[in-house]
Amino acid sequence: MTLLNVQNLTVKRGECPVVDRASFNISSGECVGLIGPNGAGKTSLLRGAMGLLPFEGTSTLADLSPRHRAAQAAWLPQTREIAWPMSVERIVALGRLPYLARGARLSPADQSAVDAALTRMGLQNFRTRLATALSGGEQARVLIARTLAQDTPLLMADEPIAGLDPAAQIATLQVFETLAQEGRAALTSLHDLTLAARYCTRLIMMRAGSIIADGPPRDVLTPDSLADVFRLKADVIDTPLGLVVQPWGVIA
Ligand SMILES: Nc1ncnc2c1ncn2[C@@H]1O[C@H](COP(=O)(O)OP(=O)(O)OP(=O)(O)O)[C@@H](O)[C@H]1O
């Protein structure tokens, strides 16, 4: 089932298009990695597709009312700081807001979505801690848990594993992989190309605002594309666990 259809999406910052006529679909069962160098347009594409930036073209999510959109897709922005001095559990429970009548308390179903999200992100022991008193990586995990508590068919995340330790990076992408296996979908920007290859079923590669490749990791991540797009001298090594991208230099 198609969960997101984007056609000819153009996002301008000032006069300049920073996303130029991007088209793609996201279907249930997919974990899609959005890759590209700094400034390629990944954030602009994700925010445009969510309807959070003005755009030309079409996006099925941006057409929805805010409440319907929040029930269809959860959004994790790149900025991770938590400013509100609330408990971790209450921050994660904010993910249930799209389903609550004004002033209503969490139902047992809401509470189990919160509990499941805390468990998925390994935050059970942080439940009562003040979110503002956590480390940067811990706060990032809390905000990922909030998007999981939203329990949507689609999760869109902007660099969700930035600032996480290696184990938390893998655990987070395993959660996304599991969501896809459960019949949901994830679209996430990533800079770690080996993790992208290992946990994504498909990669969309951007350069200078355009989608220049879209397909299985093995087809998208090649020494040529890494040189052309990322200016990287890199080996792409096939291992029993998947592709490993080993950069060894920068093309001047
Ligand atoms: N508020 C803004 N005003 C003007 N230009 C902007 C603004 N935000 C981003 N840009 C420009 O838009 C282009 C795309 O930025 P975007 O943040 O979408 O890239 P990105 O691929 O997500 O980069 P990164 O990997 O560094 O997060 C860049 O050239 C950037 O300089």
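Which residues surround the ligand?

**View 1. Surroundings of the ligand in the predicted model.** The ligand is surrounded by R13, G14 and V18, by G36, N38, G39, A40 and G41, and by K42, T43 and S44. By residue class, this shell divides into 7 polar, 2 nonpolar and 2 charged residues.

**View 2. Helix α1 beside the ligand.** Helix α1, which covers residues 42-50, supplies 3 residues to the shell around the ligand, and this is the largest share of that shell.

**View 3. The hairpin of strands β8 and β9.** Strand β8 (residues 202-207) and strand β9 (residues 210-215) run antiparallel and are joined by 5 bridges. Within this pair, I204 stands opposite D214, the latter belonging to β9. The two strands form a hairpin with 2 residues between them, and A208, which lies in the turn, has a positive phi of about 50°.

**View 4. The whole protein, as context for the close-ups.** The protein comprises 9 helices and 11 strands. Its radius of gyration is 18 Å, close to the 18 Å that the globule rule gives for 252 residues, so the protein is as compact as a globular protein of that length. The C-alpha trace spans about 55 × 40 × 35 Å along the principal axes.

**View 5. Burial and contacts across the chain.** Of the 252 residues in the protein, 43% are buried. Among contacts with a separation of 6 or more, 63% are accounted for by residues that are 24 or more positions apart.

Definitions and conventions: Residues are numbered from 1 along each chain as its sequence is written. This is a predicted model: local features need pLDDT of at least 70, side-chain atom pairs count only at pLDDT 80 or more; totals for chains, interfaces and linings use all residues. Two strands pair if DSSP finds at least two bridges between them. Helices (H or I, at least four residues) and strands (E, at least two) are DSSP runs, numbered from the N terminus. A residue is near a molecule or strand if its C-beta atom, placed from the backbone, lies within 6 Å of it. Ala, Val, Leu, Ile, Met, Phe, Trp, Tyr, Cys and Pro count as nonpolar, Asp, Glu, Lys and Arg as charged, and the others, Gly among them, as polar. The radius of gyration is taken over C-alpha atoms; the globule rule is 2.2 Å times the number of residues to the power 0.38. A residue is buried if 20 or more other C-beta atoms lie within 10 Å of its own, exposed if 12 or fewer, and partly exposed in between; C-beta atoms are placed from the backbone. Two residues are in contact if their C-beta atoms, placed from the backbone, lie within 7 Å.
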